[in-house]
Amino acid sequence: MAEMGSKGVTAGKIASNVQKKLTRAQEKVLQKLGKADETKDEQFEQCVQNFNKQLTEGTRLQKDLRTYLASVKAMHEASKKLNECLQEVYEPDWPGRDEANKIAENNDLLWLDYHQKLVDQALLTMDTYLGQFPDIKSRIAKRGRKLVDYDSARHHYESLQTAKKKDETKIAKAEEELIKAQKVFEEMNVDLQEELPSLWNSRVGFYVNTFQSIAGLEENFHKEMSKLNQNLNDVLVSLEKQHGSNTFTVKAQPRKKTKLLSRLLRKKNSDNAPAKGDKSPSPPPDGSPAAPEIRVNHEPEPPSSAAAGATLPKSPSQPAEASEVAGGTRPAAGAQEPGETAASEAASSSLPAVVVETFSATVNGTVEGSGGAGRLDLPPGFMFKVQAQHDYVATDTDELQLKAGDVVLVIPFQNPEEQDEGWLMGVKESDWNQHLELEKCRGVFPENFTERVQ
């Protein structure tokens, strides 16, 4: 009998719940169709919107915090592997081995402590904060159902009152149900009206506390890690001092097109090469500055030559006077005037027993003559300057040989497709100032051996 009574109670509750669901569904349909009015509370709806926004923001913050912790853990593992590698390669006879091992241990402990404190002071607080949202969300949904029950009871009571044939018994019962539904709804509504604004306002303090904790922990972590890194650096500096002779040399990036570019440059040079017996250099390419012509005599002329009164310098340290003439036919244009370029001086003083004929005068960095004017200070297409930071030994004919301190004028490749990654085309400034041909003095060089200066 007790079991039947229990089953009967259960069956009664199920039937009652089914009836309530049907009544609510019918009421919502009528409200959507506009055949029944709906009780609305704009202030509460605003609170619900704030609640949903706060829940979305909190859920995202929790997700991002877990991602951050996963990254910290991954970084810890990577740092641990790196320190293990250092311990393996650190040979027993090297100084500072024990200090390096101790630093590695402290590094591992510091990462573990940082991760654990983030979990305790940030993630657990985050979980506690979000733990209150499911209950409130459930209560908001229940309040919505009770509001539909209240509207349904109100509409039923009103319909009985406006009916042509009034049944006082039904009206009294409907009124009783209305009062009961209203009481249940108002109790839940009042509680949520107080809790939701309070919860919304609490977000500010929570965000402040959470990010202050993260920022403080990260700051302390990096301070301690900085000390360990400085200690490790000191150990390695000590090791370097004892093995300073075995320096690590910088290497250039490999070139894939070296042979192809070398062949192209050699072909270009052969096309521009002077004919046999012609001792004058080939003319520079279009747009490049004109270079003074230089003729070299390897045997000194006797004093009785046709150039009466003309003398030649006997050594590079004795440059020709400004009044000397070449061949005795006309005075030299290379008199030492203030506007004369240093390049002409270098060309005239770097060769033994030379006779220099300059067919144009250099004035303020330009060449003036029958052939027009062109700039001498920069090669055609000049882009910027770099300075060699390391010596580089050329491994092919199209490469520049560099010494630390050399300044290179960078120019574009004639064919951009021939440029390899990490390599530049240029001409050394010292070569360019000697008025050599661009085709003969330009070449490629590794960019990582140089530093841009202009």
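Q: In this predicted model, which residue of β9 does Q387 stand opposite?
A: Let's start with one pair of residues in this predicted model. Look across from Q387 into strand β9. The residue standing opposite Q387 there is E451.

Q: Over how many bridges do β5 and β9 pair?
A: Strand β5 covers residues 384-388. Its pairing with β9 is antiparallel, and one facing pair you can spot is V386 in β5 with its bridge partner R452 in β9. The count of bridges between β5 and β9 is three.

Q: Which residue in β6 stands opposite V386?
A: V386 has a bridge partner in β9, namely R452. Now turn to β6, residues 407-411, which pairs with β5 in the antiparallel sense over four bridges. In β6, the residue opposite V386 is V408.

Q: Why is β5 largely enclosed by the rest of the structure?
A: Here "buried" means under 20% relative accessible area. Strand β5 has five residues, and it is largely enclosed because the number of them that are buried is four.

Q: Which strands are the edge strands of the sheet?
A: Five strands make up this open sheet, running in the order β8-β7-β6-β5-β9 with antiparallel pairing. An edge strand here pairs on one side only. That fits β8 (442-446) and β9 (450-452).

Q: By what angle are neighbouring strands of this sheet turned against each other on average?
A: Picture the open sheet again, in the order β8-β7-β6-β5-β9. Ignoring direction, the average turn between neighbouring strands is 45°.

Notes: Residues are numbered from 1 along each chain as its sequence is written. This is a predicted model: local features need pLDDT of at least 70, side-chain atom pairs count only at pLDDT 80 or more; totals for chains, interfaces and linings use all residues. Side-chain values use heavy atoms; hydrogens and water are left out. Two strands pair if DSSP finds at least two bridges between them. Helices (H or I, at least four residues) and strands (E, at least two) are DSSP runs, numbered from the N terminus. Axes are lines fitted to C-alpha atoms, for helices over the stretch in contact, and angles run from 0 to 180 degrees between N-to-C directions. Buried means under 20% relative accessible area, exposed over 50%, partly exposed in between (1.4 Å probe, protein chains only).
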